[in-house]
Amino acid sequence: MEMVPSTMTEMWTTMGSTIASFMFIWAIIRQYCPYELRRYFEKYTHTIMTYFSPYVKISIHEFTGDRLKRSEAYVAVEAYLSVNSSKTAKRLKAEMGKDSNNLVLSMDEYEKVTDEFRGAKVWWVASKVVSATRPMAYYPEQEKRFYRLTFHNRYREMITGAYLEHVVKEGKEIKVRNRQRKLYTNSPGYKWPSYKQTMWSHIVFEHPATFGTMALEPDKKKEIIEDLVTFSESKEFYARIGKAWKRGYLLYGPPGTGKSTMIAAMANLLNYDVYDLELTAVKDNTELRKLLIETTSKSIIVIEDIDCSLDLTGQRKKKGGKAMADDEKERKEVKEESGNSKVTLSGLLNFIDGLWSACGGERLIVFTTNYVEKLDPALIRRGRMDKHIELSYCGFEGFKVLAKNYLNLETHPLFDAIDGLMKEVKITPADVAENLMPKSPLDDAEKCLWSLIQALEEAKEEAEAEAAAAKKVVEQSQDGGGVCSENCLAEKASE
Ligand SMILES: Nc1ncnc2c1ncn2[C@@H]1O[C@H](COP(=O)(O)OP(=O)(O)OP(=O)(O)O)[C@@H](O)[C@H]1O
Ligand SMILES: [Mg+2]
């Protein structure tokens, strides 16, 4: 029994002298040893210390294999800590957030914060290592930033499982809430530097259109909004039925009926980014696939005027005479417009619903066209373009939305006259909007309404004159006894 204290004392003495010798050797090494030897020594000391330490450390680096893309885990942790650290950290950095009118705070470099999860305490440190050499001249970052998470080994299972899952999930949600949405384009004519692997360039997306400001029949508007919201909330449903989480919309109708406006309203409703794909600037199918892979989820990929983009008009029925000649002329024009692009219809179909199209998920693909009948049926069949939306001339309900937007009017004695005229003539929402726009500070609501009435009356007179001319041609051809085809009548009427 006597031996125990003496053994303990001896043990402490031995340990003390070991540490002292160790520190003495370390001081000599630091003073006299070459750098390589020092690093070697440091490395093994670190390994030994880690072996005895009850704490576990996890590093999350900003750039992993792909140096040009920030790691998703790092971005999520950064967002998570931006909210959770701003209450406790002492050194914070501020960056411009959503809509450029608020600052988002996050912890500064080398700052340490504590977090708690189900009774376990963890520590986060924002750190960086500065590499001494530049691997390639064009790499901008020489600092490799990372977050280090430290926790006790007894919580290992919970922290590596539930806690990290919670951090990533919450971080992603914060990112979506704070992010500035972007409008991307694969702009033609710009020569990308060879190191820059992305082919999209972007600006902040700031279009003000919403479904509230769109002139559309109320039922139709409600149906589209419900469709979009249901899509955005159906992650589990798509997974259950084994379908990629994406949806195609075909918007068609005459110019100025709100197709482009609706795309902006869709993006604003769902808080999505917009990728405006210029097909004529895409070299071939491989480049098209590359562009697709680079798009992120929560986005709308738009191909405007799909009929003009490429020769995708499919096999149309053979027509005779002038119609056939027109057809050929159009195809030639389309070919000229599309320049050297070798994107084919099958390449585009693959883009929409090939295996690659499922990467990322939560994406809308929107085509717009003025001439839906010209498109290849394969391109717009359900399953590819799931929802076809016709945007047409302005009705009275649409007019009322515009009158409220532009003139802040819900009713006016001139509304009845406008309603009557709108039933007789076709006018696009763009034309209605233009007439309702005050042209000088002195223009009041009534002047704008009169301007619209005048435009409607002129359109009515024009339509009547055209109808009269067509009627005259028919009568002349009947008087002359000749048989005139439909095309021949249209030709004469337009003369
Ligand atoms: N349904 C609508 N509701 C509100 N404003 C509209 C609507 N349609 C058109 N406008 C107005 O007209 C302008 C032109 O509309 P937009 O560019 O959306 O038409 P479009 O259908 O895309 O035409 P195009 O076929 O020529 O591309 C818009 O800036 C908008 O102000
Ligand atoms: Mg448009």
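Let me start with T114, which stands opposite W123 in strand β5, in what is a predicted model. T114 belongs to the pairing of strand β4, residues 112–117, with strand β5, residues 120–130, where six bridges join the two and the strands run antiparallel. By pairing I mean that DSSP finds at least two bridges between two strands, and the elements themselves are DSSP runs numbered from the N terminus, with helices being H or I of at least four residues and strands being E of at least two. Between β4 and β5 there are two residues, making a hairpin, and R118 in the turn has a positive phi of about 45°. On to the next partner: β5 is also joined by nine bridges to strand β6, residues 143–152, again running antiparallel, and here W124 stands opposite L149 in β6.

Before going on, a word on conventions: residues are numbered from 1 along each chain as its sequence is written, while chains are lettered from A and ligands numbered from 1 in the order in which they are written. Because the model is predicted, local features need pLDDT of at least 70 and side-chain atom pairs count only at pLDDT 80 or more, whereas totals for chains, interfaces and linings use all residues.

Now please look at helix α5, residues 218–232, whose 15 residues reach 21 Å from the first C-alpha to the last, close to the 21 Å expected at 1.5 Å a residue (that is, 1.5 Å times one less than the number of residues). Which residues of α5 are buried? They are I224, L228 and F231, where buried requires 20 or more other C-beta atoms within 10 Å of a residue's own, exposed 12 or fewer, and partly exposed a count in between, with C-beta atoms placed from the backbone. These three cover an arc of only 65° around the axis, so they sit on the same side of α5, the arc being that of the directions from the helix axis to the C-beta atoms. The face turned away from that buried side carries exposed residues, including D219, K222 and E226.

Finally, we come to ligand 1, where P255, G258, T261, P429 and A430 come nearest among the 15 residues around it (near meaning that the C-beta atom, placed from the backbone, lies within 6 Å). Helices α7, 259–270, and α15, 429–436, are the elements that give two or more residues to this shell. Where does ligand 1 lie with respect to domain 2 and domain 3? Domain 2 (184–390) and domain 3 (396–494) both give residues to the shell, so ligand 1 lies between them, with domain bounds coming from an automatic or database domain assignment.
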